[in-house]
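Here's a run of questions for anyone meeting this structure fresh. Each one asks how a label was earned.

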Amino acid sequence: MLDNNQLLRFTTAGSVDDGKSTLIGRLLYDSKSIFEDQLEAIENTSKKKGHDGVDLALFTDGLRDEREQGITIDVAYRYFTTPKRKFIIADTPGHIQYTRNMVTGASTANAAIILVDARHGVIEQTKRHAFIASLLQIPHVIVCINKMDLVDFSEEVYNNVIAQFEEFSSKMLVRDVRFIPISALLGDNVVNRSENMAWYQGAPLLHTLETMHISSDINKVDARFPVQNILRPQSESFRDYRGYAGRVAGGIFRKGDEVTVMPSGFTSKIKTIDTFSGEVEEAFAPMSVSITLEDDIDISRGDMIVRSNNKPESLQDIEVMLCWLNNSPAKPRAKYTIKHTSNEQKAMIKEIIYKIDINTLNRGSEDIEIGMNDICKVKIRTTKPLLVDNYRENRTTGSIVLVDDATNETVAAGMIV
Amino acid sequence: MSKYYLNYLDELESEAIFVLREVWAQFQNPVILFSGGKDSIVVTHLARKAFYPSKIPFALMHVDTGHNFPETIKFRDDLIESLGVRLIVGSVQESIDQGRVAEEKGKNATRNALQITTLLDAIEHHKVDCAIGGGRRDEEKARAKERFFSHRDDFGQWDPKNQRPELWNIFNGKHFEGEHFRVFPISNWTEMDVWNYIKREQIEIPSLYFAHEREVVWRNNSWIPNSEFLKLEDGEEVLIKKIRFRTLGDITITGGIESDADTVEKIAQEVSAMRQTERGNRTDDKRSETAMEDRKKQGYF
């Protein structure tokens, strides 16, 4: 593997019937990422279950209950590497708690693969998946029209699905959509180019994943540095060292830059940007570094270092697209802990503006209960201002989670609008 | 703008450093679970980087089964000394002596499962609220569902069906008295990534990983090292082979593979051509299809 190879995270949405597990199995198998002992285990299980040949879908089974009941309960992460890239798949189950799991998998993804059964075309589930991909601002969407072998590899079927998809997705904000006709079962256009669809001029799925441009997925304009810890070694050689440890959440910081520390508003200049391997001239997202400033300023965890001419908004009332992830519904006017970058405050859901019917994608304002898997636009009031960007501008400084203080569970995830 | 991206190893490193810094911010008394294996060595190396120029603000905790490779203990003690951090040892032998656990019987008896009690006792005794481990999601199917910040109840148990959702890079380490977290900074790394990183960073690892001549016995499809704990079965004989270990656990359960790889470069090359998973040589995972999940639920690493 080459030193400049990148990491690409993608999520797969679909149910067992769409051939999602088969597709993942196929990607791993054809890219030679399945080991012999794993393959043997799958072969044995396939035989026990009386399947013909090797059922690649079995490769994605995980927990005991899942193996016994033949369902997927939770997001599972899988890994494979080609000579061009390293890949992380967030494999999200299609049936149970799909919103919760898909939202989780989508939150860190560069790309989403949405599976459509060629025989059925775009169905409600496809719309849900596309909607969540756009809600979570996954930069690239690949619609795989699967089971092309069952529709005689027909170009017309493929074109119809594209037309159906484009009709409803035009209302959503998806930046980059591609369509690939595949057969996960037979391997057409997954890793290897299909010999059955000469009419398709595009690249197979793996090649698409290997070559799509992802460097600009991260905001490189608005410099944001949420402070995680203060490093004060107080050792012989670093007596007066005071470094601010954190991971750049957006933009580029350079030595000598004029910066403002929020929320205090004090300004200073970047003295050094340090790493274990030595000083660096500049740091960009998502680098973990430690920054020292020319002036002694009181800075603590939760503060944000930004460039003086480009600041985030400081808000106590924020509007958020909220996904509820917990079995117990939201309690009206109850207090939660809100977590935003390295900051933490108390917060209250003040108002539900509307709720989205995930099946029709319509907005409603009559139903004001927020329960598991619901997606609502809400107003949240926090005890102290948060330093926020719009989620569309920055997925790190634009996202929050809510924690229920009574259970300590993460109950909701939100995108700032 | 094209130069403003990280390669995959830098991105994995940056993610792990971010996670380690979150641990320091969110917990009172975290420790690094240190086994002497390559994964915990890499985690320790990352902790050094995360807090530089400060020292690692965590103690290292070693669960000592008493069935160690002598090389592992020497390596551990040297590392502790050079880092200037505290070492906490939980002893399985003590747990046995105190009657907390009973030794397994029979040919395939090991102390692997006994570690769970010792680990949980040490966590309770030292009031540890976060144990950082080198577990990776690619290792095993139950681990594929593990969170970076993984909650354990006050019995130390993992409830895989009721895990907290983990979105973006927001980690929730909130817990009640008596509960703790397991945190896995290198969740997203594969075995190959670990080796490429060791190579790039020139991280020192125990000599056991390199090909060397050793007395071994062929058992369960791998070369089990001869030791005072090994009881020969009928038909088994001790041979001298040039082997190395892909993972390090107890001397009683860690099988070696025949190899000539005596440098990190050669190991990385060998691993990239491997057709067996690394835990394929661990008899502890072969007990049943869900052996890892069952142990993890009880509180295993």
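Q: Where is A:N408 found?
A: Look in the loop between strand 21 (399-403) and strand 22 (410-416) of chain A. Keep in mind that the model is a predicted one.

Q: What makes the phi of A:N408 worth a second look?
A: Phi is positive there, about 70°, although A:N408 is not a glycine. Most residues other than glycine have a negative phi.

Q: Why is A:N408 called partly exposed?
A: A:N408 has 17 C-beta neighbours inside 10 Å. Buried takes 20 or more and exposed takes 12 or fewer, so a count in between is partly exposed.

Q: How do you know that A:F153 is buried?
A: The count for A:F153 is 20 C-beta neighbours inside 10 Å. Since 20 or more is what the label asks for, buried is the right word. A:F153 is in the loop between strand 5 (140-146) and helix 6 (155-169) of chain A, and its phi is positive too, near 55°, in a residue other than glycine.

Q: What about A:I230: buried, exposed or partly exposed?
A: A:I230 is partly exposed, because 16 other C-beta atoms lie within 10 Å and the label covers counts between the 12 and 20 cut-offs. You'll find A:I230 in strand 7 (residues 224-231) of chain A.

Q: Which residues does A:I230 touch, leaving out those up to four places away in sequence?
A: They are A:R242, A:Y244 and A:I299. A:I299 is 69 residues from A:I230 along the chain, yet their C-alpha atoms are separated by 8.1 Å.

Q: Why is the peptide bond from A:A285 to A:P286 called cis?
A: Its omega is near 0°. A:P286 is in the loop between strand 13 (282-284) and strand 14 (288-293) of chain A. Chain B has a cis bond as well, from B:Y52 to B:P53, with omega near 5°, and B:P53 lies in the loop between helix 2 and strand 2 (59-64) of that chain. Most peptide bonds are trans.

Q: Why is helix 6 of chain B called roughly antiparallel to helix 7 of chain B?
A: Helix 6 (residues 191-201) and helix 7 (residues 264-273) of chain B pack at about 165°, with axes 9 Å apart. Angles over 145 degrees count as roughly antiparallel, so that is the name for this pair. The crossing of the two is left-handed.

Q: Which residues make that contact between helix 6 and helix 7 of chain B?
A: Helix 6 of chain B brings B:E191, B:M192, B:W195, B:N196, B:I198 and B:K199, while helix 7 of chain B brings B:V264, B:E265, B:I267, B:A268, B:V271 and B:S272. By class, that contact has seven nonpolar, two polar and three charged residues.

Q: What makes helix 2 of chain B oblique to helix 6 of chain B?
A: The angle between helix 2 (residues 38-51) and helix 6 of chain B is about 50°, and their axes are 11 Å apart. That is not under 35, over 145 or between 65 and 115 degrees, so oblique is what remains. This crossing is left-handed. B:K38, B:D39, B:V42 and B:H45 of helix 2 meet B:V194, B:Y197, B:I198 and B:E201 of helix 6 of chain B.

Q: How do you know that helix 1 of chain B is largely enclosed by the rest of the structure?
A: Of its 19 residues, 16 are buried, so helix 1 of chain B is largely enclosed. Helix 1 (residues 8-26) of chain B reaches 27 Å from its first C-alpha to its last, close to the expected 27 Å.

Q: Why does B:P206 count as buried?
A: B:P206 has 20 other C-beta atoms within 10 Å, and 20 or more is the cut-off for buried. B:P206 lies in the loop between helix 6 and strand 7 (212-219) of chain B. Beyond residues up to four places away in sequence, it touches B:G36, B:E71, B:T72, B:F75 and B:L248.

Q: How many residues does each chain bring to the contact between chain A and chain B?
A: Chain A gives 60 residues and chain B gives 51. Strand 2 (residues 76-81) of chain A supplies the largest share of chain A's side, five residues.

Technical notes
Residues numbered from 1 in each chain as written. Chains lettered and ligands numbered in written order. Predicted model: local features only at pLDDT ≥ 70, side-chain atom pairs only at ≥ 80, totals over all residues. Axes fitted to C-alpha atoms, helices over the stretch in contact; angles between N-to-C directions. Helix = DSSP H or I, 4+ residues; strand = E, 2+ residues; numbered from the N terminus. Left-handed = near helix turned anticlockwise from the far one by under 90°. Contact = placed C-beta atoms within 7 Å. Nonpolar A, V, L, I, M, F, W, Y, C, P; charged D, E, K, R; others polar. Expected span 1.5 Å × (residues − 1).
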